[in-house]
Every structure is written in C-alpha cells, then in structure tokens.
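Colleague: I should be grateful for a close look at one part of this model, namely the loops and the strands that they join. Please define each term as it arises.

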Amino acid sequence: MNTEKEKMIAGENYFSGDPILVKDRRKSKNLLHRLNVTEYRITKKAREILKELIPNAGANLYIEPPFFCDYGYNIICGENVYFNVNCVVLDAAQVTIGSNVFFAPGVQLYTASHPLDAELRKTVANALPITIGNDCWIGGNTVICPGITIGNGCVIGAGSVVTKDIPDNSLAVGNPANIIRKLNESQK
C-alpha cells in the first residue's frame, strides 16, 4: 500500500491532511518564513535556506523574496533559474524546470488539483506534474495549470493562463494561452 506522500507524487488521489505531509509543509513554511521575512535579501544565509528548501536545484538558482511553495523537494531546477518576486509553486507533484528559465513577478505554477465530485473533494486532493523546458521566459502573473508541459525556448506572455501543452520555440499569450507564433524562425 502506498503512503499518502507516494500517492501525491504519483498523481493519485491522496489525503493532504496526512501527518507526514503536514510535517513536510510545516518545514517548508518555516524555511519560507526565514527566506521571506528574516533574510529577505539574497545573502549567504538565504542561499543556505534555498538549498535546504529546494535541494534538487542546479547552480545559480535565484529567488527574489517573497516566494511561496508547498514542499520545495518536488521542485527540480536546472542551472540559472530566476524567480522574481511573489512567485508561487504548488509542488504537490513534481515541477521540473530546465536551465536558463526566467519567471517574472507573480508567476504561479499549480500542480495541485481537486476531484470534480463534491463529496470526493471533501476528503482527497490530487496533483499533476508540470514541466518547463530550457531557455524559457514566463511573463508576469502567468498561471500554469496542473499537468502542463512547456517546451524549450518558449515565451509565455504576461497574464496568460496555460491550460494546454506548449511546443518548443513558441510564443503563447492569453487566457487561455494560445500560440501566436513560432520563435527563432525568420519573420516574413
């Protein structure tokens, strides 16, 4: 029988009030308090907090506080990842971020979801992973929904709501986000 944590990471229905998950979220919130309130500037101490909060990050993870996440350990980053202020990563499922990815202020990544059935929703939650490729720029106040993959070299316009996968080298904008054009191709 899988633990609630294993079910959560696998994208199955799980009980979010499980004591282990509550403890993990509490640890994350304590680290976030230190990052967002006590340190606030990116100092040596802040970098140590980030390494503990997001242990699966490559070199040069830079986060402008305040920053918010559920667990931290489900965030996997390549090198040179930058989060501007007020970003939210609900990482009940894995969030994989490539290298050289920039998040403008207020970007929100939601792996967390809930069953559509009202009775079931009272007792369980679920989550789907998010993947963002290399060399992406995610514009301010963008929302990326559960289960989304954004390919390499993409730009997502400010205020977009990404509800479907975005292929490599695409410019996508709007609510819901639509592909406007391919990038890195000569313009006629």
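Modeller: Helices (H or I, at least four residues) and strands (E, at least two residues) are taken as DSSP runs and numbered from the N terminus. The model is predicted, so local features are reported only at a pLDDT of at least 70 and side-chain atom pairs only at pLDDT 80 or more, while totals for chains, interfaces and linings use all residues. Residues are numbered from 1 along each chain as its sequence is written, and side-chain values rest on heavy atoms, with hydrogens and water left out.

The loop between β2 and β3 is a convenient starting place. Pro-66 lies in this loop, ahead of β3, which spans residues 67–69. The peptide bond that joins Pro-65 and Pro-66 is cis, with omega at about 0 degrees. Another cis peptide bond, again with omega at about 0 degrees, joins Asn-175 and Pro-176. Pro-176 is placed in the loop between β18 and β19.

The strands on either side of that second loop are paired (two strands pair if DSSP finds at least two bridges between them). Strand β18, residues 170–173, is joined to strand β19, residues 178–182, by 4 bridges, and the two run antiparallel. One of the bridge pairs sets Val-173 against Asn-178 in β19. The hairpin has 4 residues between its strands, and Gly-174 in this hairpin takes a positive phi near 105 degrees.

As a rule, most residues other than glycine have a negative phi, and most peptide bonds are trans. Against that background, Asn-60 deserves a mention, since it has a positive phi of about 65 degrees although it is not a glycine. Asn-60 is found in the loop between β1 and β2. With a relative accessible area of 55%, Asn-60 is exposed; here exposed means over 50%, buried under 20% and partly exposed in between, computed with a 1.4 Å probe on protein chains only. Asn-80 also has a positive phi, near 60 degrees, in a residue other than glycine. Asn-80 belongs to the loop between β4 and β5, the latter covering residues 81–83. Its relative accessible area is 29%, so Asn-80 counts as partly exposed.

The loops next lead to the sheet. In an open sheet, 5 strands follow the order β1-β4-β7-β12-β15 with parallel pairing. β1 (56–57) and β15 (149–150) stand at the edges with a single partner strand each, so one side of each has no neighbour in the sheet. Within the sheet, strand β4 (residues 75–77) is joined by 3 bridges to strand β7 (residues 95–97), and these two run parallel. Ile-75 has Val-95 of β7 as its bridge partner.

Strand β3, which follows the loop of Pro-66, includes Cys-69. Cys-69 has a relative accessibility of 2% and therefore counts as buried. Although Cys-69 and Leu-32 are 37 residues apart along the chain, their C-alpha atoms are separated by 8.1 Å. Contact here means heavy atoms within 4.5 Å. Setting aside neighbours within four places in sequence, Cys-69 is in contact with Ser-28, Lys-29, Leu-32, Leu-53, Ile-75, Val-89 and Asp-91.

Phe-67 has its own set of partners. Not counting residues up to four places away in sequence, Phe-67 touches Leu-32, Leu-35, Asn-36, Leu-53, Ile-54, Ile-75, Phe-83, Cys-87 and Val-89. Phe-67 also has a place in a nonpolar core, that is, a set of buried Ala, Val, Leu, Ile, Met, Phe, Trp, Tyr and Cys residues joined through side-chain atoms within 4.5 Å. The largest nonpolar core has 41 residues, and those with the most contacts inside it are Phe-67, Phe-83, Phe-103 and Ile-150. Helix α3 gives the most to this core, with 4 residues. Another core lies apart from it and has 8 residues, including Met-8, Leu-21, Ala-92 and Ala-127.

Leu-21 leads to a last residue, Lys-5, which touches Ile-20, Leu-21, Asp-24 and Tyr-73, not counting residues up to four places away in sequence. Lys-5 lies in helix α1, residues 4–10. Lys-5 is partly exposed, at a relative accessible area of 26%. From C-alpha to C-alpha, Lys-5 and Ile-20 are 7.6 Å apart in space and 15 residues apart in sequence.
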